[in-house]
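Subject: Structure handover

Hi,

Here is the structure for you to look over. My notes on one helix and on the empty space follow below.

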Amino acid sequence: MKKILGTLSAVAFAVSASASFAACDAGEKVVKLSHVTGGTTHPKVVAANNFAERVNKDLNGKLCVEVYPNSTLFGDSKELEALLLGDVQLLAPSLSKFGSYTKKYGVFDLPFIFKDMDAAMAFTASKTGKDLLNAMEDVGFVGLGYWMSGMKYFSANKPLLVPSDANGLKFRVQNSDVAKAMIAAMGGSPQPMAFSEVYGALQTGVVDGQENTWSNIYTKKFFEVQDSTTQTSHQLLAYLFMTSKEFLDSLDADTRAKFIQIADEVTVAANNSVKQKEEANRKNILDAGGKINELTPAQRKQWVDAMKPVWKQFEDEIGADIIAAAAAS
Ligand code: LMR
């Protein structure tokens with residue numbers, strides 16, 4: 001009988017900063033789930049661990065999921081390639097990291113396209129959103145679900161209240177053309193960089209600022225090496241919980257159906273609790289001494305006006321119909 005670490009010791013399972021998984025039995029197919037986030041309160045950490053726990057219980061004897069958080073198995077630059085090579089079977093990368101495979105996901109990065117996470121969830125539940133889940137079928141990627149993470153906020157080594165405060169500053173961005181254009185539109189210099197390098201780059205001044213959710217800013221301690229974070233809510237951060245066609249095809253029909261059912265259920269539960277997790281991590285930042293700047297409506301309008309022209313720049317490659325559907329949500 002396989003020992004499931006999650007049920008033996010919930011605390012040990014939750015706090016492990018590195019790989020956390022059950023001891024697999026002989027004959028079980030090992031399923032590696034790699035991701036880049038860390039801590040115990042991050043929505044992706046919780047969703048990944050819940051998925052592993054469910055599969056290891058309900059498909060005991062058949063599949064055995066091992067979770068590798070914190071870029072311990074693969075980081076941003078190698079994980080998608082590793083999935084195609086079969087070196088890992090499950091990932092949950094940010095939707096901003098697929099530019100080499102599809103331009104359509106640029107829609108999720110457009111500044112101020114989603115008012116909040118509810119609007120983003122309405123879009124992902126729409127026909128256009130569901131179709132996008134499998135935009136990379138030709139590559140061999142299968143989208144199992146969208147995991148919301150939160151709205152994004154700018155932090156920097158000085159307070160950012162209006163876009164001109166960002167003039168001349170270097171901002172770490174994910175490897176996304178839309179994010180790069182957005183930083184340029186506010187007079188900053190975009191520096192694409194892997195997530196695992198961000199804390200060090202902020203600490204040593206390689207970059208002056210970054211943009212992320214409360215959960216990432218708290219669990220990666222970015223607030224410790226920044227003056228403050230401004231509540232811009234300018235962009236969404238969400239993940240594609242994904243596998244490969246090759247892996248899914250390797251499962252027998254019953255196992256595959258159960259695996260997909262668990263993915264659906266874990267996705268619903270993760271998205272239902274994401275807002276509460278983000279709020280808790282916002283409070284964790286304040287409790288730990290981090291500073292948060294709120295915007296007046298007039299200041300906020302300046303951010304929207306500065307960034308909105310970016311939409312037009314990407315209309316052709318994303319598709320005007322996709323942008324319209326997202327904006328309508
Ligand atoms: C980032 O690279 O900033 C984030 O996408 C990391 C993550 O997966 O939340």
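Start with helix 12, residues 297–307, and what packs over it: the cover on its buried residues includes strand 5 (141–156), helix 7 (177–185), strand 9 (228–244) and helix 13 (310–313). Please keep in mind that this is a predicted model.

Which residues of helix 12 are buried? They are Gln-299, Trp-303 and Met-307. Viewed down the helix axis, these buried residues fall within an arc of 65°, so they line one face of helix 12. The general rule is that an α-helix has 3.6 residues a turn, so residues three or four places apart point the same way. The other side of helix 12 has Pro-297, Ala-298 and Lys-301, which are exposed.

Next, the pocket. The largest one has a volume of about 300 Å³. Its lining comprises 14 residues. Nearest the centre of this pocket are Asp-76, Ser-77, Lys-97, Ser-100 and Asn-175. By class, the pocket lining splits into 5 nonpolar, 5 polar and 4 charged residues.

Then the enclosed space. How many cavities of 30 Å³ or more does the structure hold? There are 2. The largest cavity contains about 90 Å³ of space. Lining the largest cavity are 15 residues, with Val-36, Ser-94, Lys-97, Asn-216 and Tyr-239 closest to its centre. The cavity lining has 5 nonpolar, 5 polar and 5 charged residues.

One residue to look up in both places: Lys-97 is among those nearest the centre of the largest pocket, and Lys-97 is also among those closest to the centre of the largest cavity.

Best wishes

Conventions
Residues are numbered from 1 along each chain as its sequence is written. This is a predicted model: local features need pLDDT of at least 70, side-chain atom pairs count only at pLDDT 80 or more; totals for chains, interfaces and linings use all residues. Side-chain values use heavy atoms; hydrogens and water are left out. Buried means under 20% relative accessible area, exposed over 50%, partly exposed in between (1.4 Å probe, protein chains only). Helices (H or I, at least four residues) and strands (E, at least two) are DSSP runs, numbered from the N terminus. The arc is that of the directions from the helix axis to the C-beta atoms. Contact means heavy atoms within 4.5 Å. On a 1 Å grid over the protein atoms alone, a cavity is a set of points where a 1.4 Å probe fits but cannot get out, and a pocket is an open set with protein on both sides within 12 Å along at least five of seven lines; lining residues have an atom within 4 Å of a point. Grid points are joined across faces, edges and corners, and a volume is the space filled by probe spheres set on the points. Ala, Val, Leu, Ile, Met, Phe, Trp, Tyr, Cys and Pro count as nonpolar, Asp, Glu, Lys and Arg as charged, and the others, Gly among them, as polar.
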